[in-house]
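I opened the model today to look through its fold, its charged pairs and its backbone oddities. My entries follow in the order I looked things up.

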Amino acid sequence: ENPGHGHFHYNGYYMELDTRDGTWRNIHGKKLSSPVTKEEADEHALVYNSGDSQLDIGTCVLDPSGTPHISWNNHSFNGYWKWQPAQRRWLGPTKLPTPGSNFAFLPISNELEGHTPQAIW
């Protein structure tokens with residue numbers, strides 16, 4: 001039976017789709033099968049293991065250098081993860097405030113002194 005595609009799900013993953021040839025790759029550039037199985041996603045694309053807690057639809061943006069930043073929320077917190085290319089790992093979760101809605105602000109850049117960080121929600 002097909003459970004459908006609701007907006008709540010377990011675990012958070014990051015994969016990139018090459019729209020030229022339909023190839024899925026993980027953050028390290030490893031080619032993934034299509035369709036990607038849960039086992040393969042858990043092994044090669046897992047950013048956050050949410051355990052028994054469901055996540056809502058996340059937001060993913062690339063900063064000017066192409067580094068992915070991801071946020072997901074669940075019933076207990078809004079979390080933010082950033083890929084650290086030099087360490088080849090995800091940094092997070094960092095707890096984010098939720099300004100009166102179910103959407104968390106996702107920081108994009110705070111590197112410009114004296115300027116307000118850019119954000120998306």
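Entry 1, the prolines. I started with Pro35, which lies in the loop between E5 and H1. I checked the peptide bond leading into Pro35 from Ser34 and found it cis, with omega near 0°. I should keep in mind that this is a predicted model. I then went to Pro93, which is found in strand E11, residues 89-96. A cis peptide bond joins Gly92 and Pro93 here, and omega is about 5°.

Entry 2, positive phi. I looked for positive phi in residues other than glycine and noted Asn11, with phi near 70°. I placed Asn11 in the loop between strand E1 (9-10) and strand E2 (12-13). Is Asn11 buried or exposed? I read a relative accessible area of 8% for Asn11, and the cut-off for buried is under 20%, so Asn11 counts as buried. I also noted Arg88, which is not a glycine and has a positive phi of about 55°. I found Arg88 in the loop between E10 and E11.

Entry 3, overall make-up. I listed one helix and 13 strands in the protein. Along the sequence I read the pattern β-β-β-β-β-α-β-β-β-β-β-β-β-β. The protein has 121 residues, and I noted that 31% of them count as buried. I put the exposed area of the protein at about 8300 Å², with 51% of it supplied by carbon and sulfur atoms. For contacts between residues at least 6 apart in sequence, I recorded that 39% join residues at least 24 apart.

Entry 4, a sheet. I traced an open sheet of three strands in the order E3-E4-E5, with antiparallel pairing. Why is one side of E3 and of E5 left without a neighbour in the sheet? I see that strand E3 (16-18) and strand E5 (31-32) stand at the edges and have a single partner strand each, so each has one side with no neighbour in the sheet. I then followed E3 against strand E4, residues 23-25, and found the two antiparallel and joined by three bridges. I noted Asp18 opposite Thr23 of E4.

Entry 5, salt bridges. How many salt bridges does the count come to? I have two salt bridges. In one of them I see the side chains of Asp18 and Arg20 meet, at 2.8 Å from N to O. I looked up Arg20 and read 76% relative accessibility; the cut-off for exposed is over 50%, so Arg20 counts as exposed. I found the other pairing between Asp42 and Lys38, with the closest N and O atoms 2.6 Å apart. Both Asp42 and Lys38 lie in helix H1 (residues 38-44), and I note they are four residues apart, about one turn of the helix. I read 28% relative accessibility for Asp42, which therefore counts as partly exposed.

Entry 6, the core. Which residues make up the largest nonpolar core? I wrote down eleven residues: Tyr14, Ile27, Val47, Tyr48, Leu55, Ile70, Trp72, Phe77, Trp81, Trp83 and Trp90. I checked which elements give two or more residues to this core, and they are strand E6 (46-48), strand E9 (68-73) and strand E10 (78-84).

Terms used. Residues numbered from 1 in each chain as written. Predicted model: local features only at pLDDT ≥ 70, side-chain atom pairs only at ≥ 80, totals over all residues. Heavy atoms only, no water. Pairing = 2+ DSSP bridges. Buried < 20%, exposed > 50% of the residue type's maximum accessible area, 1.4 Å probe, protein only. Contact = heavy atoms within 4.5 Å. Areas by Shrake-Rupley, 256 points an atom, 1.4 Å probe, with all protein chains shown as cover. Salt bridge = Lys/Arg side-chain N within 4 Å of Asp/Glu carboxyl O. Core = buried A, V, L, I, M, F, W, Y, C linked by side-chain atoms within 4.5 Å.
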